[in-house]
Structures are given as C-alpha cells and as structure tokens.
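Work through the exercises below with the structure open beside you, and try each task before reading its solution.

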Amino acid sequence: MSASCRVQGCRSHTDFRRVLILKKREADHSACGDPKAKPSYLVDKNLESAVKFIVRKFPAVETRNNNVSTVNFDLTKNYLDLVVTYTTLMTILSRIEERKAIIGLYNYAHEMTHGASDREYPRLGQMIVDYENPLKKLMEEFVPHGKSLSDALISLQMVYPRRNLSADQWRNAQLLSLISAPSTMLNPAQSDTMPCEYLSLDAMEKWIVFGFILCHAVLNSDATALSLWKVALQSSTCLCLFRDEVFHIHKAAEDLSVLKVSECRLIVTNVCFDAVLCRGSMHRERRKFLRSALKELATVLADQPGLLGPKALFVFMALSFARDEIIWLLRHADNIQKKSTDDFIDKHIAELIFYMEELRAHVRKYGPVMQRYYVQYLSGFDAVVLNELVQNLSVCPEDESIIMSSFVNTMTSLSVKQGELLLLLTGKRAYTSVSKASLGIADHKELGKMMNTIIFHTKMVDSLVEMLVETSDLSIFCFYSRAFEKMFQQCLELPSQSRHSICFPLLCTHFMSCTHELCPEEVNTLINTRKWSLNLSLCNMFLDEMAKQARNLITDICTEQCTLSDQLLPKHCAKTISQAVNKKSKKATGKKGEPEREKPGMESMRKNRLLVTNLDKLHTALSELCFSINYVPNLAVWEHTFTPREYLTSHLEIRFTKSIVGMTMYNQATQEIAKPSELLTSVRAYMTVLQSIENYVTIDITRVFNNVLLQQTQHLDSHGEPTITSLYTNWYLETLLRQVSNGHIAYFPAMKAFVNLPTENELTFNAEEYSDISEMRSLSELLGPYGMKFLSESLMWHISSQVAELKKLVVENMEVLTQMRTSFDKPEHMAALFKKLTCNVLKRMTIIGVILSFRSLAQEALRDVRHTHTLHCHSLHPLPPTTVAMNVYELSSAAGLPCEIDPALVVALSSQKKNISPEEEYKIACLLMVFVAVSLPTLASNVMSQYSPAIEGHCNNIHCLAKAINQIAAALFTIHKGSIEDRLKEFLALASSSLLKIGQETDKMTTRNRESVYLLLDMIVQESPFLTMDLLESCFPYVLLRNAYHAVYKQSISANA
C-alpha cells in the first residue's frame, strides 16, 4: 500500500516538481544555447579559468532507487508520465553544455556568501556526472522498476493499437460520425475505458518508446511488448521532449547497447525505413479524414447544440485525434531529414485547425447546456447504477460502504455549482487501488468501469475548460514560429483555404497555456523575453496580412467597377452614335467597317452558369476571406486584445485615401489631371463596392467614408500627404487661371465656363471640360464646403497679392489721382492729368475679376450641391455691414449663398501688413477706384475689347472688371468703415465722365471698340447691389447704351455673315 500511496501522493508533488524543474532546465538550455543570452558569469573573462577548473573537478554523489506498482487509469497514467518526465528531464539536462559551470559557480558563490558549500551540492554534482549518457544511466537505474514499468506499458496493448489505426479503418468504422446511425443519435456515447478514448497518442508513444528503452529486457521475453515497441517506432521518427526539443528515437535506439540483440537491431532498421517512407502518407490520410469528420461534427453541432450533451465524448475524441496529427506534422516537418516528400507539407492544415477551433467554440458557448445534461445524467442514471453495483458487492467492508453511500447521496443531490465530486471519486478510486485495500477495484471491474465513466461525467460538469486544454491545446506553435508563419502563408496562397485563415490568430490565444499554473514565475519570464513579443507580433502579422489580402481584393474589384462605370461616361457615346449613323453607308460601299464597340452591360450576359469572370473570382475570394475576418469580434493573446475587423477598417481607410488621390491622375510635369466629373464617377463606384463590404463583414463603412472624405476636404491628410483639395486647388490656380491671365482662355458668361481661345500654341487641355457648371458641381461634391472654402481662401490670397500691387501703383500716382478726383468736370485738365499717370491698373483688375468670376462659378456650384442636401436653406436677406453681419456672411458664403460683401475677400485684404495710418489706407482705397475709373477709356483702343453677344462678354475678359470693381470696393470700404454706396457713386461719375470723352474723339484707332467699352458701365451697375439704373441714367445717357448694344449686335451679325 505504501508504494501505491506514494505514487498517488506524489501526483500533485511530482506534477509540480517535474513541470517546475523541466521548465527551468528548458529555459537554461535555451539561454545557454544563445551566445547573446548566456548568463554573464559564463562569458566573464575573469571567471573563465575558474569555470574550467570547476568543470574539471566536478564532484560525485550517490544514486537513489524507487519502486512502485500501478493499478487503475489515473495511477497508471501518472506513473508513466512521471517516468517519461524524469527521462526527459535528464535528457534535456545532459544537453546543456554549461551545466557543470552553472552548478559549480553557484556552489562557489554559496560558499563565499555563507562560509560553507551547499549541503546538496555533492549529490547534485554526482548526478550531473553520472548522467553524461542519460539513457544508459537510466536503464541501470530502472532495473528494480522493470516489472512495474513493463506491466504499466503492457496495459496499453488494447488502447494503443485502437488509437493507432489507419484512415481507411476509421472511415470504415464511421468514426466520429453522428449521422451514420440516426436512430442512435440521441443515445449517450459510452465506452468501458472513457478516459482512454481521448488519451493523447503522442503521450502513449512516449510512454512506450522511453519505457521499453528503460526496461528493454522485456522485449526479448514478451511478444506483446515487442509488438507495441515496433508499432511505436513505426509511427514517428522523433518525439517531443519539451516544447521544440525533440528526441530522435531511431538514432537513439540504434546507439543503445541493448540493440546488440540481432532481432532488435533488425526491427529498428526496418521500422526506421517504414516510418520515413510510409508513415507520412498514413498521417496525411488521417488528416484528410479528420478534416471531413470534424467538419461534419461541427456542422451538426452548430445546428443541434443539444447533441453536445450525449455526444461530448465524440467532441473530445475528435479534438484529441486532430491535435495529435497536427503536432505530429509540425514536429516532423521541422525535423525530418528528407524534406522533398510532400507528405510533410499540408496546405490544408488550416482547415483542420479551423474545425478544431469551431468545436472548441461550441463547447465554450454551450458549456451550460452540457453541464445541465450531465448533472441530470449523474443524478438520474449514474447514481442509480452505482447504487446497484454497491448493493450487489459480495464483500463490502463498513468503511467502504459508508463512502460509497456518500457518493450515491452526493450524486443524487448534485447541482452545477458543486465541484467536489470529482475530487472525492478520484481519492476513493486511489484508495481502492492499493494492494492492501479491503475493496479492490481489480476484483470488481464493473465498479471500476463505472467509476471511470462517472469521473468523465463529472469532468463535463466541473472541468470543461481543463478538458479543452487537455485534448486540444496547440500552444506548442509558440515555439515553432517559422513553421507557423509558413503554414499561414500557404493558407493565404490557396483561395479555398483563406476562409480558415483566422485559425492562425486563434491559435495565438493558446499561447497562454504554454505555461503551467504551478510555475507562475515563468509567466513573468516569458513576458520579459523576446518570445513573448514574438508571439504578439505573430498574431499582429497574421491579422495584418489577412486585412491586406482583403484590401487588395477589394481594390481589384473597385478597379473593375471603375472601369465599368467609365464605360457609361458621356464621352464614350459619340463613337457609338457615329457608328450607328455610318453603319448603313458603310454597308452600301461594301467596305469592312470598324468592329462594333461592345456596349456597356455585355459583361453580364452569359451563355451558361459555368462561365466565371474575373470579377466573380474576386468576389468569391473576398467572401471567403471576409468570413474569416468576421469570424470572431476579438481575441486575447497574453494581456493584449486584437480586433480583426479594425485591421480591415484601417487598411481600407489607407487604401481608399490613396486611391482617391491616385484617381485624380495628376501629373505635375505635364499638369494633367482628371476631370472632376470623371473622378466623382470613379469615387462613387469605389464607394458602392465598399458599401457592399458590409454584406461580408460587420464593419461601419460609413465611418471609413467620413474619415477619408473629410480628410480630403483639407489641404493635407492625417499622414501629411496632399489631398484632392490641394491638387485641384493648385491645378485651377496654377494652370487654368494662369492661362487665362496669359490670354489663352476667356470666361464666357453666357456659357458660365472658361473656354479656350484660338492661339498659335494649343493648350493640352480643354478649359471648358474643367470649368463648366457640371464640372464645378462635381468639384463641389468632391471637395465639400471645407474644400471649397480652402479653394476660396487660396483664390483670395492671389487677389490680395494683386491688390497689394495696385496699392503700390496708387501710391506712385497719388498726387495726380488726388487732383483727378476733384477735376472730373474739367475735360481738358483731366486729359492733361491722365497723361501723367505712369501705369495701367486695368490688367491687374482684370486678373482679379477673372479670379472672382471663377469663384462665383464655384460658389454657384456649391449652392446647387448644397440645395440637393439641405432643401430648407435657400437665400440670405441683405444685412448692414456690421461684425455680426460679417459672421453671418461667412457662414452663408461657406454654404454657397451669394453675399453683398464677400467675407473671404474682406479677411484676405484686412490681413495685409499696414505700415501707414488708417486714414492713409482709406485714401489709397478711394484713389484706387479713381485710378480704375479714369483708365477705362484706354480699353477702347484694344482690338480684343470687342463685345461678343454670343458669349455675353469680351474675349480679353474685361467684362470681369464689373465683378472686380464691385467686390473690391465693397471689401475695402467695409474694412475702412466707409460708405460703399457713396464711393461707388463717385466711381460711376468719374467713369461716365471719362467714357463720354471718347465719344468726342476722332481717331478711329482710339475709339474702335468704344461701344463695347460703354457696355461696361451697364455691367457694373447690373453686378452691383449698391447701384441702380436711375443713378446710371443721371451720369450716362441710356440712349448711348441702347445704341451701343445695337451697334455691337449689328457688328456681330455682319462678322458672322
């Protein structure tokens, strides 16, 4: 009894010690293996001689023996685990090259600190020396334990072969299938050896291989042992020692002296060849079967989660089988010597892992369902059967009878919240397993089977999370990062597997299980090492790559849709119309005409459903990948939470931003840019595709639109890159309006557009295609109120610079202008003074007028676009020029409403540097209006000043002076708080007087376009909210205006004729 109790008693102790020591040794081994991570005392030059001396003089120590017998499943399992862990520990310890130096330096440090050596140091040192060849020493040490160890191993003769079947045998038995026998679907899954059904195959192989190496004598005397040994050697070429440390079993077995027996050597030679060449294909077929089996199981349980109760054993069997195959592949793919075989490369491994995760999710989600089922099962069935078995016992001592009755009573009144039953049953079964127990399980097998079943059922109530870790933990991927990344890349490369790619980030959540709860300090150790950050970066990389792949697919779809939308643009209809008109004539001539252009929409016409277009493939691939991204809302890795959908949202924002800017097709060298209407069409097509993403993934695509499009209304985006607002603003200012100033383009009020003029050097663009009302509306739709405000501010900055130059001209001619201001009723004196003026201000005023005309088009387009969105806001009532009024004007101007005083122009002009007094500034403003008024007659001599009724303007854009004069006057006199109306009256009087003089001129060259210039006065009054026709009539006879209109229209008709 003492031996058995010792094994059961060290269940907790040994579990703790073996995990603790093993992890410590593994950490030391990893650290010492990396030269950069070695402890400082091993690389310290001052200690180098001391380390060599310590290694050379390493001490001796005694050995110890142990003996144990095993009876039931838990004791057998823990005993074999203890043997394997002890063997593994000694093997890993022997692989640490600096072990003697580490232990020796510790002893010297202990002696220097405490004045004496560590009392355990001699024994520890001797153990290190004895275990230079660990397997040889272990075989000697386990000679006394050979009988108990061999008995425990031979007990696997029914379990291990049943777990190590081929895929065809699984398929013929319809393993894990719930629908193979529909009539028994609701029957609970039962087995006489419930814990053995989901026992790890990898663990059993380690028991057999290491166990028979230690008690090798039984191989020559027991055929069952030899059979188990042979099958285990055939199954794998290497076993996992700890994490990524492996044990090459064939090489080790060949090197052992026990294999001097010719039969054993022959077995090793044959099975080594078979394991390398044949077992790979066997495991490949197993994975293929498990993929379909787990898919069926997950699908059925998703539809009928209530089956998780009676079929829980199937779930944990499936998880265990799949886990074993995945770990086998991972270990062998990383350590196999012949890498050319495809049996160790599985591009569909992601599918198997995904269905494992789906089953795990079902268990976590419907855990309460399973708990309620098994609570009722335990109290309603297991308690009754156990009570009958106890009542039928031929011999049942009083103590055992009391304990059994207590079990039955506890099970009968069991609830979900009770968790003591599993502990009580385990303790009782251990008690009845010892050799001197009054009631031995070995003599009552039915009772033992029932207790095994009850323990499994209690685990379904108390330990579902622990069962998931036991049967499906894949935290070993934490230590195979390269293979992990390679599997992920293979998954993304195969379109059919992309829907399962989320399993790789989900596997990262297993990494928290790579530590042990009895070794809590290792958590801090891992967090402070590169391994922890590597694990986080792996999860981040997986999600980032998935989002990038989805983003690229979405971008390709958007490109296709933009191409289809481009086919519907009006510019493509001319060729179609031309072909239709000329079709008949071409047939008559008998010449072979051009091939008929394919009409938009033909891509949707298909002869059969088997025809798959590129767009179909893209949508299919996107739906598969989006399923993966949308599979879980978030996942936790260590202390971090990852949200897959946010990765996609972030990438979509970045790509949408780049795509919008890219679709402008702006070329700085050639100054080419896409028309706003075409860009708007492409952006809308892009947005339509992005909106459809909400059908695949639960993301807020409106948030993406708001973030991206709002940034595009600013000068720079959040990354400091230029936006479409800055690109179009620069293009209109530096390209279109500059060509207007150069005389290559004119503003046609009748068309409300800028039009190219015939010149020697043709422009590379058609101004009308960028400035007509439809293009300006498209521009307003793209830039929005903020972008249009930035455009206005940029325009006003240019006007401000022109006004600054005009003020300089006024200052240069201030004395002459002052005299002319008071002498407008003296024609001879005015003529003499005019000859003293040094510069002509009208060119700069025309430039200002052109800019203001362009802004007027932009504001009108903004108003039209705004009207489609805000029908309640229509117009603005005139307000006095106060501070409050200017604030209202600024708000109204941002909405595109017309204002008597342009607030943007007021802000731009008021921000100019003022080095003189306000009185002088006001005087300069007044004289500027005088300068413009007295300069108007000079326009009559310009051949380009002829008025064209067709365009309702002049080809040299002097009709824009009307807008410039009114807007500049209103802004300047608002700033200086003067009377706008009075100053414009003064301007009108001076202008009328000056223009009336040219009616008396006899020189035809000077007066060639006199009538066209007369019309400017009418335009100024029509444009101004402060002037009236009655006021004009008092200054300038209306008959002259009527005659002027008659003359220019007559001249236009004769010119056209």
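**Exercise 1: Cysteines and bonds**

The sulfur of Cys-508 has its closest cysteine sulfur in Cys-539, at 4.5 Å, which is too far for a bond. Keep in mind throughout that this is a predicted model.

Task: Find how many disulfides the whole structure has, and explain why Cys-508 does not form one with Cys-539.

Solution: Begin with the idea itself, which is that a disulfide is a covalent bond between the sulfur atoms of two cysteines. The cut-off for such a pair of sulfur atoms is within 2.5 Å, whereas the sulfur of Cys-508 lies 4.5 Å from that of Cys-539, and therefore the two are too far apart for a bond. A search of the whole structure agrees with this step, since the number of disulfides found is zero.

Task: Decide whether Cys-508 is buried or exposed, and then classify Cys-1035 by its relative accessible area.

Solution: Buried means under 20% relative accessible area, and partly exposed means between that value and 50%. Cys-508 has a relative accessible area of 0%, so this residue is buried. Cys-1035 has 24%, so this residue counts as partly exposed.

**Exercise 2: A hairpin**

Task: Describe how strand β1 is joined to strand β2, and name the bridge partners of Cys-238 and Cys-240.

Solution: First locate β1 at residues 238-242, a strand that is mostly covered, with five of its five residues buried. Next look at β2, residues 245-248, which runs antiparallel to β1 and is joined to it by four bridges. Among the pairings, Cys-238 has His-248 in β2 as its bridge partner, while Cys-240 has Val-246. Finally, examine the turn: two residues lie between the strands of this hairpin, and Arg-243 in the turn has a positive phi of about 60°.

**Exercise 3: Nonpolar cores**

Task: State how many residues the largest nonpolar core has, and follow the contacts of Leu-294.

Solution: The largest nonpolar core has 248 residues, and Leu-294, Phe-316 and Phe-477 are among those with the most contacts inside it. Setting aside residues up to four places away in sequence, Leu-294 touches several others, including Leu-176, Ala-318, Tyr-355 and Leu-359. Apart from the largest core lies another one of 54 residues, which includes Met-139, Val-209, Leu-219 and Leu-241.

**Exercise 4: A glutamine in a helix**

Task: Place Gln-802 in its helix, and work out whether this residue is buried or exposed.

Solution: Gln-802 belongs to helix α35, which covers residues 773-812. Its relative accessible area is 15%, and because the cut-off for buried is under 20%, Gln-802 is buried. Beyond residues up to four places away in sequence, Gln-802 touches Arg-844, Ile-847 and Ile-848.

**Exercise 5: The whole chain and its confidence**

Task: Say which helix has the lowest confidence and which has the highest.

Solution: Start from the overall view, in which the protein has 46 helices and eight strands, and 51% of its 1057 residues count as buried. The mean pLDDT is 83, with 84% of the residues reaching 70 or more. Confidence is lowest in helix α1 (residues 2-33), at a mean of 41, and highest in helix α18 (residues 349-365), at 96. Over residues 59-71 the pLDDT is below 50, and this stretch has 43 contacts in the model beyond near neighbours in sequence.

Methods
Residues are numbered from 1 along each chain as its sequence is written. This is a predicted model: local features need pLDDT of at least 70, side-chain atom pairs count only at pLDDT 80 or more; totals for chains, interfaces and linings use all residues. Side-chain values use heavy atoms; hydrogens and water are left out. Buried means under 20% relative accessible area, exposed over 50%, partly exposed in between (1.4 Å probe, protein chains only). A nonpolar core is a set of buried Ala, Val, Leu, Ile, Met, Phe, Trp, Tyr and Cys residues joined through side-chain atoms within 4.5 Å. Contact means heavy atoms within 4.5 Å. Two strands pair if DSSP finds at least two bridges between them. pLDDT is the predictor's confidence in each residue, from 0 to 100.
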